[in-house]
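Reader: I am in my first year and would like to look closely at one part of this protein rather than skim the whole of it. Could you take me slowly through the place where the strands and the aromatic rings come together?

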Amino acid sequence: MKLKDFQVGQTVYLIERRPKPKDILREYQVVTVGRKYLKVQGMYNERQFEVFDDESPYLIEHNNYGDRLLLFPNKEAAQEHIEGNQLRSWLLKAAEVTKINKYTVEQLRAAKEILEPSISTEE
C-alpha cells in the first residue's frame, strides 16, 4: 500500500486492540497525505501513519512506543484482516499437541492438501 493510494477527506478504518484481544474498528478521515506520512483525524485525536511495505494492505502507525495500530483504506479490508487473525489463532489451537493426535489420517491428508496443494502426499 502506498500513501498516494489515499485522498484527503477519504474515510479510512483503524483497528484498535482495546480491550485486548478483541479488535475494534474505528472510522477516521484522511487530513493530509504527505511524502512520508498520512495524517488522519478521529473523533478525539489525530494520528500519523506510514508505509509498512508496498505489498501490505495497510499502513502502520508512526509512534515510538506501544502497539503500532493498522490503518486500512476500506472497511472490508480491515474486517478481512481481523478474520484472518482469528483464523490463524484457531489454526494454532487446532494444532496443539493435545488435539493433533485426535485427528484421523483422512482429516490430516485433507488439511495438508488444502494448505499445501502442490506437495505430493507420496513423500
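**Strands, rings and cores**

Author: A good place to begin is Val51, whose bridge partner in strand S5 is Leu59. Please keep in mind throughout that this is a predicted model. The strands S4 and S5 run antiparallel and are joined by three bridges. On its other pairing, S4 meets strand S3 (residues 38-41), again in the antiparallel sense, this time over four bridges. Within that pairing Gln41 stands opposite Glu46 of S4, and the chain passes from S3 to S4 through a hairpin of four residues.

With the strands in place, we can turn to the rings. Two aromatic pairs are counted in the model. One of them is formed by Phe52 and Tyr58, whose rings are stacked, with 5.8 Å from centre to centre and 25° between the planes. The two partners differ in their surroundings: Phe52 counts as partly exposed because its relative accessibility is 46%, whereas Tyr58 counts as buried because its value is 14%. Tyr58 also pairs with Phe72, and here the arrangement is tilted, at 5.5 Å centre to centre and 55° between the planes. This second pair links distant parts of the chain, since Tyr58 sits in the loop between strand S4 (46-51) and strand S5 (59-61), while Phe72 belongs to strand S6 (residues 70-72), 14 residues apart. Phe72 has a relative accessibility of 0%, and therefore it counts as buried. Taken together, the ring pairs link Phe52, Tyr58 and Phe72 into a cluster.

The nonpolar cores come next. The largest nonpolar core has 13 residues, of which Phe6, Val12, Leu38, Val40, Leu59 and Leu71 touch the most other members. Strand S1 (11-16), strand S2 (24-33) and S3 each supply at least two residues of this core. Apart from this largest core lies another core, of eight residues, and Tyr13, Ile15, Tyr58 and Ile82 are among them.

Finally, consider the surroundings of Leu71. Leaving aside residues up to four places away in sequence, Leu71 touches Val12, Tyr13, Leu14, Leu38, Val40, Phe49, Tyr58 and Leu59. That list brings back Leu59, the bridge partner of Val51 with which we began, and Tyr58, which takes part in the tilted pair with Phe72.

Note on methods: Residues numbered from 1 in each chain as written. Predicted model: local features only at pLDDT ≥ 70, side-chain atom pairs only at ≥ 80, totals over all residues. Heavy atoms only, no water. Phe/Tyr/Trp six-rings, centres within 6.5 Å; stacked < 30°, edge-to-face > 60°. Buried < 20%, exposed > 50% of the residue type's maximum accessible area, 1.4 Å probe, protein only. Pairing = 2+ DSSP bridges. Core = buried A, V, L, I, M, F, W, Y, C linked by side-chain atoms within 4.5 Å. Contact = heavy atoms within 4.5 Å.
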